[in-house]
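User: I would like a close look at one part of this structure. Please keep it brisk and tie the part to what surrounds it.

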Amino acid sequence: MSEDRSHSAAAIAAAVRAGDEHAEAIARRALDAVARTQPVLNAFVSWDRDVTLSAAAEAPVNGPLAGVPVAVKDNIATPVLTTSCGSRILAGYVSPYEATAARKLREAGAVLVGKTQMDEFAMGSSTEHSAFGPARNPHDVARVPGGSSGGSAVAVAAGVCPIALGSETGGSVRQPAAFCGIVGIKPTYGRVSRFGLVAFASSLDNVGVFGATVDDAALGLEVIAGPDTRHDATSAPGPAPSFGAPHPARHGLRDLAGVVVGKPREYFPDTLDAATRDRCERALDALRARGAVIRDVTLPHTNLAIAAYYIIAPAECSANLARFDGVRYGARIEGDGLRAMYEATRSAGFGPEVTRRVLLGTYVLSAGYCDAYYRKAMQARVRIRADFDVVFASGVHALFTPTTPTPAFRFGEISDPYEMYLSDIFTVTANLAEVPAMSIPIGRVRGLPVGGQLIAARFDEATMLRVARALEAELGAEAAR
């Protein structure tokens, strides 16, 4: 990980505020990077040079993101460029309104470069399920960038922009951040308004942030965080704290003195890839070097997470996607029974993964099955959340785990849907428990990036970021090797 911070979001904004740089020139360089990388990496669904340069000319020059180029996942509504959700149903659709997170970026001076590739309706772990072709991992184009926010991760990893927005339902920011070797943050549920985020599973969805560094991601989160009482009843009241703390390299080698970092045994199973485990142990040693105390902890209901998630999320998605009934979007779905629904959804334009999840969600909510499946999954969710409450109440300030079991896999390597779902095994718990979590690069395995995951108590992103900054500073160039 480079210590050269001259191209960070904060540095770009400072240069624009000082008059040393102009937003239009920065936007042109970002657009040139899109044109150069798009034929190989396919990170973007839509971009328009005139739209971006016009936005740059009008961008506020005194904001915290003045002139900073950003990319936005294509399920976050913007009144320019598309909001297609990676689906044929919404191909070419331009939203009549703007998501709160996108508006806050714009008002802070950021310049939208383009909308990024994603798994259709955010359902996937590889960005292979996009109607507009897969995005590709810049570290190895034969491998996936992760998903569902793969395009945004690629845009940051490829150097197009220092900040991008993604969305998270079960790890869709953290997992691609790990695969692409960058930072990805999922905030506490309610920390960032969901207004304008096309719903997948409403009780699990979050707008998240990618950054080239911890400070970049933290700055992006600081800009988009905060209440939205007008548009989102689930947004948390009260202003968000500042996340833009100084880089820990300025604070000496004991900046985590008094901080207890938990190591959950359930996230380090015997089956964990040996090289990934080694990188995690090195990261824990780095935290010790910064003064942290590492404590073994247990989250005993972790084994229920994948099963609970893949009942709750499809159930909510089956309700949310009912709007695509041919009245406003797609072809009308008519007929009774699961087979009729399957044929109708396929003809309406849904891809196989969305169809699979809609059918599963409809099944678990149907008469006679709701108690057997959905209610039990919700009970498991309560227990998973309680596990985190107990650990954080015991004096643990943050948790450290692998972000993913392995580095990025090859396209087509995983064809079994259940095996694909297991790539989220370390990330879904944070969504179920509504706690903040993030991925940070901790090194390479077989030449590919791997990420370490930090998790904190609800609304304690500040502590999570403090630990992340210290880890980033301690690992330094080691994280890039």
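In β4, which residue is the bridge partner of A71? Please go on from there to the sheet around that strand, and then to the helices and loops.

Analyst: The bridge partner of A71 in β4 is A164. Some ground rules come with that. This is a predicted model, in which local features need pLDDT of at least 70 and side-chain atom pairs count only at pLDDT 80 or more, while totals for chains, interfaces and linings use all residues. Residues are numbered from 1 along each chain as its sequence is written, and side-chain values use heavy atoms, with hydrogens and water left out. Helices (H or I, at least four residues) and strands (E, at least two) are DSSP runs, numbered from the N terminus.

Start with the strand's two partners. β4 covers residues 163–168, and 3 bridges join it in parallel to β2, residues 69–73. Besides the bridge from A71 to A164, V72 stands opposite L165. Helix α2 (residues 23–41) packs on the sheet. Helix α2 touches β1, β2 and β3 (111–116), and its direction makes about 20 degrees with that of β3. Contact here means heavy atoms within 4.5 Å.

The other partner of β4 is β6, residues 206–211. That pairing is antiparallel and runs over 6 bridges. A164 appears here too, opposite F210 in β6. In general, strands of a sheet pair through backbone hydrogen bonds, either parallel or antiparallel. Two strands count as paired if DSSP finds at least two bridges between them.

Next, burial. β4 is mostly covered, with 6 of its 6 residues buried. Buried means under 20% relative accessible area, exposed over 50%, and partly exposed in between (1.4 Å probe, protein chains only). Both faces of the strand are covered. One side carries I163, L165 and S167. The other carries A164, G166 and E168.

Now the whole sheet. It is open, has 11 strands and mixed pairing, and follows the order β1-β3-β2-β4-β6-β5-β10-β11-β9-β7-β8. Its edge strands, β1 (44–46) and β8 (293–297), each pair on one side only. From one strand to the next, the twist averages 35 degrees.

On to the loops and the backbone. N42 sits in the loop between α2 and β1. Its phi is near 55 degrees, a positive value in a residue other than glycine. N42 counts as buried because its relative accessibility is 19%. L81 lies in the loop between β2 and α4 (100–107). Phi of L81 is also positive, near 60 degrees. L81 is buried as well, at a relative accessible area of 11%. For context, most residues other than glycine have a negative phi, and most peptide bonds are trans.

A cis peptide bond joins G147 and S148, with omega about 5 degrees. S148 belongs to the loop between β3 and α5. Helix α5 (residues 150–157) is mostly covered, with 7 of its 8 residues buried. Those are G150, G151, S152, A153, V154, A155 and V156. Just after α5, G159 takes a positive phi of about 85 degrees.

Two helix pairs complete the picture. Axes are lines fitted to C-alpha atoms, for helices over the stretch in contact, and angles run from 0 to 180 degrees between N-to-C directions. Helix α7 (residues 214–224) packs with α15 (residues 461–475) at about 160 degrees, their axes 10 Å apart. The two are therefore roughly antiparallel. Angles under 35 degrees count as roughly parallel, over 145 as roughly antiparallel, 65 to 115 as roughly perpendicular and the rest as oblique. α7 passes α15 in a left-handed crossing: the near helix is turned anticlockwise from the far one by less than a right angle, where clockwise would be right-handed. V214, D215, A218 and L221 of α7 make the contact with E461, L465, A468, R469 and E472 of α15. By class, this contact has 5 nonpolar, no polar and 4 charged residues. Ala, Val, Leu, Ile, Met, Phe, Trp, Tyr, Cys and Pro count as nonpolar, Asp, Glu, Lys and Arg as charged, and the others, Gly among them, as polar.

The second pair is α9 (residues 305–320) with α12 (residues 370–393), at about 125 degrees and with axes 9 Å apart. That makes α9 oblique to α12. Their crossing is left-handed. On the α9 side are A305, A308, I311, I312, A315 and E316, and they meet Y373, Y374, A377, M378, A380, R381 and I384 of α12. This contact has 11 nonpolar, no polar and 2 charged residues.
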